[in-house]
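Let's take a walk through this fold, strand by strand. Keep the structure open in your viewer and follow along.

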Amino acid sequence: MSFFAVPTKEFDTNLFHMIGDEWLLICCYDKANNKTNLMTASWGGMGILWNKEVCFLFVRPQRYTHDLLEKQNRFSVCVLPEEHRKAHKVCGSQSGRNVDKVAVTGLHEAEFNGVKAVAESKFVLVVKQLYRDDLIKTGFLEETLLKNYPTDDFHTVYVCEIEKIFQKKDLNCTF
Ligand SMILES: Cc1cc2nc3c(=O)[nH]c(=O)nc-3n(C[C@H](O)[C@H](O)[C@H](O)COP(=O)(O)O)c2cc1C
């Protein structure tokens, strides 16, 4: 497992494809159970806010990841290579409340700058929360979007500073 740090402004990948098609894995440390939890996320963004390089993540309140994010400021956002895509079947449907997703997927955890991440990742973003807030019904200007919230489970938005981006050295090499 060999990674190199990429200066954020030199991170040369199509973010629309990466977030929307390849998907992200939000990796949180579950201190109470001493395990790492992995959640698939495909709604979010990356950009500049407050003159910082940030990512925006949207997590519904019923996710176990939401509980974990309320307790920890720093965590990682990973991107898996194509050959590990099947892990999203578990990470995007099962809850860390009931399963150990690292064990079930057969992925391996690693530590990057003090946060847990997935060793098989092609990219690991070490991030730190700067701001959080819940979306509110009255904020929606396009009413049709409310169909995404039949139970009023409005996402919490987390704005996180991207502290570091690591890229796997040989993207063709599997762990
Ligand atoms: C492709 C895909 C994208 C997803 N994106 C998000 C997302 O951006 N935000 C969210 O709250 N849930 C999203 N989910 C749902 C969670 O990944 C899913 O509910 C997961 O089981 C929650 O795990 P947890 O309870 O361990 O946190 C997505 C699921 C899939 C399959």
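Start with the pair formed by strand β9 (residues 123–134) and β10, which run antiparallel and are joined by eleven bridges. If you want a spot to click on, V126 sits opposite K164 in β10. Bear in mind as you look around that this is a predicted model.

β10 has other partners too. Strand β1 (residues 3–6) is joined to strand β10 (residues 156–168) by four bridges, again antiparallel, and there V6 stands opposite I165. β5 also pairs with β10 in the antiparallel sense, over six bridges. In that pairing, F56 has V159 of β10 as its bridge partner.

Now zoom out for a moment. The protein has four helices and ten strands, and along the sequence they come in the order β-α-β-β-β-β-α-β-α-α-β-β-β-β. The radius of gyration is 16 Å, close to the 16 Å that the globule rule gives for 175 residues, so the protein is as compact as a globular protein of that length. Along the principal axes, the C-alpha atoms fill a box of roughly 45 × 40 × 25 Å. Of the contacts with a separation of 6 or more, 71% are between residues 24 or more positions apart. Buried residues account for 31% of the 175.

So where does the largest nonpolar core get its largest share of residues? That core has 38 residues, and the ones with the most contacts inside it are L25, I26, C27 and C78. Its largest share, six residues, comes from strand β2 (residues 24–30). Six of the seven residues of β2 are buried, so this strand is largely enclosed by the rest of the structure.

Look at L25 to see what that enclosure is made of. Setting aside neighbours within four places in sequence, L25 is in contact with L38, M39, T40, C78, L80, C91 and V118.

β2 also has strand partners. Seven bridges join β2 to strand β3 (residues 35–41), and the two run antiparallel. Here I26 stands opposite M39. β2 pairs with strand β6 (residues 74–79) as well, in the antiparallel sense over three bridges, and in this pairing C27 stands opposite S76. As a rule, side chains in a regular strand alternate between the two faces of the sheet.

From β2, move to L57, which lies in strand β5 (residues 52–59). Is L57 buried or exposed? The cut-off for buried is 20 or more other C-beta atoms within 10 Å, and L57 counts as buried because it has 26 such neighbours. Leaving out residues up to four places away in sequence, L57 touches I26, A41, G44, Y158 and C160. One of these, I26, is also among the residues with the most contacts inside the core. For a sense of distance, try H108: L57 and H108 are 51 residues apart in sequence and 23 Å apart in space, C-alpha to C-alpha.

Next, the turns. Most residues other than glycine have a negative phi. Which residue in the β2–β3 turn has a positive phi? β2 and β3 form a hairpin with four residues between them, and N34 in that turn has a positive phi of about 45 degrees. N34 counts as exposed because it has 7 C-beta neighbours inside 10 Å. N113, also not a glycine, has a positive phi near 45 degrees. You'll find N113 in the loop between β7 (109–112) and β8 (115–118). With 13 other C-beta atoms within 10 Å, N113 is partly exposed.

Finish at the ligand. There are 18 residues around the ligand, and Y64, T65, G92, S95 and G96 come nearest. At least two residues of the shell come from each of β3, β5 and α2 (64–69), and β3 gives the most, with four. By type, the shell around the ligand divides into seven nonpolar, nine polar and two charged residues. So β3 turns up twice on this tour: β3 is the antiparallel partner of β2 and the element that gives the most to the ligand's shell.

Conventions:
Residues are numbered from 1 along each chain as its sequence is written. This is a predicted model: local features need pLDDT of at least 70, side-chain atom pairs count only at pLDDT 80 or more; totals for chains, interfaces and linings use all residues. A nonpolar core is a set of buried Ala, Val, Leu, Ile, Met, Phe, Trp, Tyr and Cys residues joined through C-beta atoms within 7 Å. A residue is buried if 20 or more other C-beta atoms lie within 10 Å of its own, exposed if 12 or fewer, and partly exposed in between; C-beta atoms are placed from the backbone. Two residues are in contact if their C-beta atoms, placed from the backbone, lie within 7 Å. Two strands pair if DSSP finds at least two bridges between them. The radius of gyration is taken over C-alpha atoms; the globule rule is 2.2 Å times the number of residues to the power 0.38. A residue is near a molecule or strand if its C-beta atom, placed from the backbone, lies within 6 Å of it. Ala, Val, Leu, Ile, Met, Phe, Trp, Tyr, Cys and Pro count as nonpolar, Asp, Glu, Lys and Arg as charged, and the others, Gly among them, as polar.
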